[in-house]
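You asked for comments on the charged contacts and the surface of this model. My notes follow as numbered points.

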Amino acid sequence: MTLNDTEVQRQIRHMMAFIDQEAREKVEEIDAKAEEEFQIEKSRLVQSQRLKIMEYYSKKEKQIELTKKIQDSNLKYQSRLKVLQSRENHIEMLLKEARERLLMVTRDRDVYRKCLAGLITEGLFQLLEPEVTIRCRQVDRELTQSVLPECITAYRNETGTDCKVTIDNNYLPDSLAGGIELSNKNGRIKVINTLESRLDQISERLMPQLREILFGVNEGRKFRN
């Protein structure tokens with residue numbers, strides 16, 4: 001059957017319409033697929049950026065917290081240093097006052113005489129030497145000489161041995177409150193029994209108790225004497 005021109009044209013238009021419809025549907029399908037992939041990729045990128053932002057601010061928050069902790073720690077440390085320094089200054093002031101009061105001991109001749117005799121006798125027992133040299137303040141030479149016999153007697157009674165004691169002309173400084181310094185014959189072994197040295201020894205030994213009396217018990221201290 002032969003088609004005339006009109007039918008041919010109609011079929012061609014029909015085919016073109018079909019092809020156009022197919023093309024439109026394909027384009028719509030491609031657009032829909034592209035839109036879907038775009039939305040998926042956009043969601044992925046948004047989520048990725050959100051996680052990066054959250055991670056960034058989480059790190060910043062931790063850095064801020066760490067900085068704050070360091071600052072707080074430094075402030076506490078500086079505050080503690082000031083407290084400790086203030087306490088040390090107070091103790092130094094008390095020790096200075098105690099050193100000044102040592103002069104009161106030497107002003108009472110009877111008290112100082114007993115003190116001097118005790119310091120000399122103690123020094124003799126510490127040295128246990130047959131010959132001992134004593135240094136004292138020049139102002140104390142006469143008093144020191146007067147107590148030597150009883151000191152030597154006490155030493156002899158306890159040890160059963162004698163001891164020759166000589167007062168050195170190289171006197172202790174007048175700036176000292178008092179007391180004596182003993183040494184063996186060659187001067188290599190010394191016992192320093194000045195009033196200042198005894199105060200230092202006592203204050204060092206009693207420092208923990210002194211701190212508790214002045215500032216209370218240190219709760220952070222694990223061991224106590």
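**Notes on salt bridges and one surface patch**

1. To begin with a partly exposed arginine: Arg113 has a relative accessibility of 29%. The model is a predicted one, and this applies to each value below.

2. Arg113 is paired with Glu150 through a salt bridge, with 3.1 Å from N to O. The two residues come from separate helices, Arg113 from H2 (residues 109-127) and Glu150 from H3 (residues 141-159), and the contact links distant parts of the chain, 37 residues apart. Glu150 is also partly exposed, at 39% relative accessible area. Neither partner is classed as buried, because that class requires a value under 20%.

3. A salt bridge also joins Arg135 to Glu181, and here the closest N and O atoms lie 3.4 Å apart. Arg135 belongs to strand E1 (residues 131-136) and Glu181 to strand E3 (residues 179-184), so this pair ties together parts of the chain 46 residues apart in sequence.

4. Are Arg135 and Glu181 buried or exposed? Arg135 is buried, with a relative accessible area of 19%. Glu181 is buried as well, at 12%. The value for Arg135 should be read with the cut-off in mind: buried means under 20%, and 19% falls on that side of it.

5. The contact between Arg135 and Glu181 should not be read in isolation. Together with Lys190, these two residues are linked in a network of salt bridges.

6. Arg156 and Asp162 form another salt bridge between their side chains, at 3.2 Å from N to O. Arg156 is partly exposed, with 35% relative accessibility. Asp162 is likewise partly exposed, at 49%. Exposed means over 50%, so Asp162 at 49% stays in the intermediate class.

7. How many salt bridges does a search of the whole structure find? The total is ten, and the pairs described above are among them.

8. Away from the charged contacts, Val8, Ile12 and Met16 make a nonpolar surface patch of about 250 Å². Ile12 sits in helix H1, which spans residues 5-107. Ile12 is partly exposed, with a relative accessible area of 37%. Patch residues need over 30% relative accessible area, so Ile12 at 37% meets that part of the requirement.

9. To sum up the pairs, Arg113 and Glu150 bring helices H2 and H3 into contact through their side chains, while Arg135 and Glu181 do so for strands E1 and E3. The first of these pairs is partly exposed at both ends, whereas the second is buried at both ends.

Terms used
Residues numbered from 1 in each chain as written. Predicted model: local features only at pLDDT ≥ 70, side-chain atom pairs only at ≥ 80, totals over all residues. Heavy atoms only, no water. Salt bridge = Lys/Arg side-chain N within 4 Å of Asp/Glu carboxyl O. Helix = DSSP H or I, 4+ residues; strand = E, 2+ residues; numbered from the N terminus. Buried < 20%, exposed > 50% of the residue type's maximum accessible area, 1.4 Å probe, protein only. Patch = residues over 30% accessible without salt bridge, like charges linked within 9 Å, V, L, I, M, F, W, Y side chains within 5 Å. Areas by Shrake-Rupley, 256 points an atom, 1.4 Å probe, with all protein chains shown as cover.
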